[in-house]
Amino acid sequence: MTRKFRADLIAGLKKASLGLLCAVLVGTGVPDRAAAQNLFAPVAYVNDNVVTGFELNQRIQLMTVLGATPTRQAALDALIEERLKKEMADRFGLSLTDEQVAAGIQEFAGRGGLKPEQFLSLMAREGVSAQTVRDFVATGLLWREIARGLFANKAQISDLEVDRAMQNNGPSGGLRVLLSELFLPARTPEERAKSEALAKQIAARPSISAFAAAASEYSVAPSREKAGRMDWVAIGDLPPALRNTVAGLKPGEITAPLSTQNAIGLFQLRSVAETTRPTPKADAITYAAYYIAGGRSEAALKRAAEVKASVDSCDDLYGIAKGEPEEVLQIDTLPAGDIPTDVAVELSKLDPGEVSTALTRANGETLVFLMMCGRTYENTGNVDREQIRNQLQSQRIGALADSYLAELKADATIVIP
């Protein structure tokens, strides 16, 4: 899912994309003959091929599991394009062995930190058939080979382009994003299940106004007072899990649910802006967490305000915590990927010396006074030039392949009953 694989399965798994059991039909009863006929009736004709209602339902379910918020039309368009891709593979005499498909599934599952069997079990539980997964993976692999064969020679990258990309810290540099956030409570298994169901309902209505209304009504984060709206943030300052997902979104799209210690987070991309300054990825972050008893009570919030007024830097917190138990204050320097997700999200909003009191611990009984101390960034001087060149070339091949596919679609005979 390049920018879209937010699906790099997340995404999370960052472009629900590449790789991705027993045909499980959604429902509990045995369908009657008429229902079965309707299920497998064509919903589109693509040249000499058909797309069935069953395949369409499966694709919608697959896209949903991968964190997208698919419409029927989006799923149908994807299947129509896959028919055209498969047609081209047949024209070139390309096919895959079972071992190649299995390797593709392993590659895709690995993007989400899963083993193939874990990924397939997840799909099975969500009603996605084994054949749906295999077809999806095989088509993606075949199209990748077709694209490279057709366009690799047209997608050569010059040394000047590599130099420019390195100055901007690689292909993803120079971006700021405007997000909205919504956090649902997940302190108990029952509460988490309820919030997961609600998250699906919210993701099914991806308009900016609908998300803002949901954030105002359901979010447990302080930002609910602003309908979940966050300020501009450099994409490199976002936590890795969120950064990869957001990079694959278009304005208005919503991330897959992001699980934190006691909540489930959803983020919507409202806008993207390019900057003249590079936005390198935060490599490590130093931050302080001062724990105040009382959760979000008036007394605890008053204490947090007093502390905020009396400190300018993280070091000042040592004086605030003097005489209190050692565990009341933590000042850590951690790799960006090792910081708890909810903490990392709040830190992404802060500059050094700024404070957040949005988080709690101990089931809401302890307020977290969170302070950003500083960030260190990846050193682009050590970036492998060939790795950058390969990334740029893959992007260029992808763009050429997309254009070619659009031409195939325009020339195809497509009939939707």
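Which residue forms a salt bridge with K409, and how far apart are the closest N and O atoms? The legends below take up this pair and several other sites in a predicted model.

**Figure 1. A salt bridge joins K409 and E81.** The partner of K409 is E81, and the closest N and O atoms of the pair are 3.7 Å apart. K409 belongs to helix α14 (residues 385-411) and E81 to helix α3, so that the pair links distant parts of the chain, 328 residues apart. K409 has a relative accessibility of 25% and therefore counts as partly exposed. E81 is likewise partly exposed, because its relative accessible area is 26%; the class of partly exposed residues runs between 20% and 50%. The pair also belongs to a network of salt bridges, in which D77, E81 and K409 are linked.

**Figure 2. E82 and R59 form a salt bridge.** The closest N and O atoms of E82 and R59 are 2.8 Å apart. Because E82 lies in helix α3 (residues 72-92) and R59 in helix α2 (residues 53-65), the salt bridge ties together parts that are 23 residues apart in sequence. Are these two residues buried or exposed? Both E82 and R59 are buried. By the rule applied here, the model has a count of 14 salt bridges.

**Figure 3. The side chains of R375 and D237 meet in a salt bridge.** The N to O distance in this pair is 3.7 Å. R375 is part of strand β11 (residues 366-377), whereas D237 is in the loop between β4 (233-234) and α10 (240-246), so the pair ties together parts that are 138 residues apart in sequence. R375 counts as buried because its relative accessibility is 15%. D237 is buried as well, with a relative accessible area of 13%; the cut-off for a buried residue is under 20%.

**Figure 4. The largest cavity is lined by D237 and other residues.** Its volume is about 40 Å³. Besides D237, the lining consists of L238, P239, P240, A282, I285, A336 and A344. By class, seven of the lining residues are nonpolar, none is polar and one is charged. Where does the largest cavity lie with respect to domain 2 and domain 3? Domain 2 (172-274) and domain 3 (284-376) both give residues to the lining, so the cavity lies between them.

**Figure 5. D342 is a buried residue of helix α13.** The helix spans residues 341-348. With a relative accessibility of 4%, D342 counts as buried. Which residues is D342 in contact with, leaving aside its neighbours within four places in sequence? The contacts of D342, with those neighbours set aside, are T260, Q261, L359 and R361.

**Figure 6. N47 and N363 have positive phi values.** Most residues other than glycine have a negative phi. N47, which is not a glycine, has a positive phi near 55°. This residue, N47, lies in the loop between β1 (42-46) and β2 (49-52). N47 counts as partly exposed, because its relative accessibility is 28%. For N363, also not a glycine, phi is about 55° and positive. N363 is found in the loop between β10 (360-361) and β11. Its relative accessible area is 55%, so N363 is exposed; the cut-off for an exposed residue is over 50%.

Methods
Residues numbered from 1 in each chain as written. Predicted model: local features only at pLDDT ≥ 70, side-chain atom pairs only at ≥ 80, totals over all residues. Heavy atoms only, no water. Salt bridge = Lys/Arg side-chain N within 4 Å of Asp/Glu carboxyl O. Helix = DSSP H or I, 4+ residues; strand = E, 2+ residues; numbered from the N terminus. Buried < 20%, exposed > 50% of the residue type's maximum accessible area, 1.4 Å probe, protein only. 1 Å grid on protein atoms, 1.4 Å probe; cavity = no way out; pocket = protein on both sides within 12 Å on 5 of 7 lines; lining within 4 Å. Points joined across faces, edges and corners; volume = space filled by probe spheres on them. Nonpolar A, V, L, I, M, F, W, Y, C, P; charged D, E, K, R; others polar. Domains from an automatic or database assignment. Contact = heavy atoms within 4.5 Å.
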